[in-house]
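Dear colleague,

I am passing on the structure below, and I would be glad if you kept it open while reading the notes that follow.

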Amino acid sequence: MADPIQIELVAADRVVWSGQAREVIARTVEGDLGVLAGHAPLLSLLVPGVVEIYPFEGGDTVFAAVEEGFLSVADNHVSILSEDAFLASEIDAAAVKADLEAAQKDEDGAAVLRAEAKLRLVDKAS
Amino acid sequence: MAASVRELRAKIRSTQATKKITRAMELIAASRIIKAQQRAAAAAPYARELTRAVSAVATFSNVDHPLTTEKENATKAAVLVIASDRGLAGAYSTSVMKEAERLVEKLRGEGKDVDLYLSGRKAEAYYNFRGREFVQSWTGFSDKPEYSHAREIGNTLVRTFNIDETDEEAIDPALAADELHVVFTRFKSMLVQEPDVIRLLPLEVVEGTEAPAADDVLPLYEFEPSAHEVLDALLPKYVHSRIYYCLLQASASELAARQKAMKSATDNAQDLIEKYTRTANQARQAGITQEISEIVGGANALADASAGSE
């Protein structure tokens, strides 16, 4: 197996997840992006969406919802920064659905995207 | 004499009540400082990674950005003053306001107009009371700032730099600023908090304390979609993160100042109680002595009178 990549998923006020992983997939402004070990240094912008982290030791995939942010890759070290980020296990599906309806009513595009991303995440994780 | 003893007892009781309150506030402040410090520590990784990314873009691309370009003859400066919402924190707010006044004087001396942005009810009250103008104020979170507060403040301030006609929420062009300074209180230790000024914009990305070490060479990044767009997205976030840092420092300082002020208030209350108790005891003793001498005097007088009549 290739070398592990060191992942840090960081929100503005806490570290959401950090550890070693085999692969990480995130949605950037250019489309979905997968990072494996030995990836070239990269700085890219994230759109609100889901980040998937496949832990190095195997085990369950980690799903997280992120807001706008960015991703930087260098030396097998991936930092995912977003002002708000949640793990799937921290999301309350019912509350998000309510948010989504409210956002659709207000035609707040960004909020709709965010809520949809969170719902997709809950579906995936369950 | 008895009346004054009663008065003193009442004073002692009220001082004891005050002491209980100040003691409780002291303990609350003490426990919340620890929380504030934990929040500052939790925010550190984000700030570190963000600084690294911003310096990477700044180092490897020659993109000019309104937020990093120094204007040659700046005529307008925005000043963000971070004070507290509540008093009972000693000289905390006063010293921030003094520092702010000094900065405003200095900027005016350099021929710049100053727009004030305030955080904290005490700052608002200070300028309202003196009838001075400020552009905007935010209140209600000075002892427990959230990232969303920093974002809100940051967005408003960044917008004064990018006056863009297409922006729906564009602000009055008269508010366009060439510089942004932040006045806040730096938390040095539990005993020392110093008011401080930093110039946030135009950005000086490499900051003495957070500069990457010399051997930590930044890799040659690829930027997606482009260096300019990455910078566009990163810089406002960087500003938010710096403001969040200032808010956290200010809240820790406020709590430390409050703890110190409340501790000395508690000590003073204790001193007062002891003084009043002594005075009350003296008064009571004097009353008793007087009663005894009156009784003895009365008895003697009676004895003399009855002896004389016999």
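**Where the two chains meet**

In this predicted model, 25 residues of chain B are in contact with 23 residues of chain A, two residues being in contact if their C-beta atoms, placed from the backbone, lie within 7 Å. On the side of chain B that touches chain A, at least two residues each come from α1 (2–60), α4 (147–159), β6 (222–224) and α5, where helices (H or I, at least four residues) and strands (E, at least two) are DSSP runs numbered from the N terminus. The most is given by α1(B), with 10 residues. By type, this side of chain B divides into 18 nonpolar, 1 polar and 6 charged residues; here Ala, Val, Leu, Ile, Met, Phe, Trp, Tyr, Cys and Pro count as nonpolar, Asp, Glu, Lys and Arg as charged, and the others, Gly among them, as polar.

The chains are also joined through strands, since strand β4 (residues 42–46) of chain A and β6(B) pair in the parallel sense over 3 bridges, pairing being assigned if DSSP finds at least two bridges between two strands. In this pairing A:Leu42 stands opposite B:Glu222.

A note on conventions: residues are numbered from 1 along each chain as its sequence is written, while chains are lettered from A and ligands numbered from 1 in the order in which they are written. Because the model is predicted, local features need pLDDT of at least 70 and side-chain atom pairs count only at pLDDT 80 or more, whereas totals for chains, interfaces and linings use all residues.

**Chain B and its parallel strands**

Chain B has 5 helices and 6 strands, and from the N terminus on its elements run α-β-α-β-α-β-α-β-β-β-α. Of its 310 residues, 34% count as buried, that is, 20 or more other C-beta atoms lie within 10 Å of their own, with C-beta atoms placed from the backbone (12 or fewer would be exposed, and in between partly exposed).

Strand β2 (residues 113–119) of chain B has 6 of its 7 residues buried, so it is largely enclosed by the rest of the structure. This strand pairs in the parallel sense with β1 (residues 76–82) of chain B over 7 bridges, and B:Leu118 in β2(B) is the bridge partner of B:Val81. Between these two strands the chain passes through helix α2 (residues 92–109) of chain B, in a β-α-β crossover that is right-handed, which means that, with the strands pointing away from the viewer, the path from the first strand over the helix to the second runs clockwise.

With strand β3 (residues 136–138) of chain B, β2(B) shares 3 bridges, and the two run parallel; B:Ser119 stands opposite B:Trp138 in β3(B). The chain goes from β2(B) to β3(B) through helix α3 (residues 121–129) of chain B, again in a right-handed β-α-β crossover.

**The core, and one buried residue**

The largest nonpolar core (a set of buried Ala, Val, Leu, Ile, Met, Phe, Trp, Tyr and Cys residues joined through C-beta atoms within 7 Å) holds 95 residues, and those touching the most other members are A:Ala64, B:Val79, B:Leu80, B:Val81 and B:Ile82. Its largest share, 18 residues, comes from helix α5 (residues 227–309) of chain B.

Helix α5 of chain B also contains B:Gln249, which is buried, with 21 other C-beta atoms within 10 Å. Leaving aside neighbours within four places in sequence, B:Gln249 is in contact with B:Phe184, B:Thr185, B:Arg186 and B:Phe187.

With best wishes
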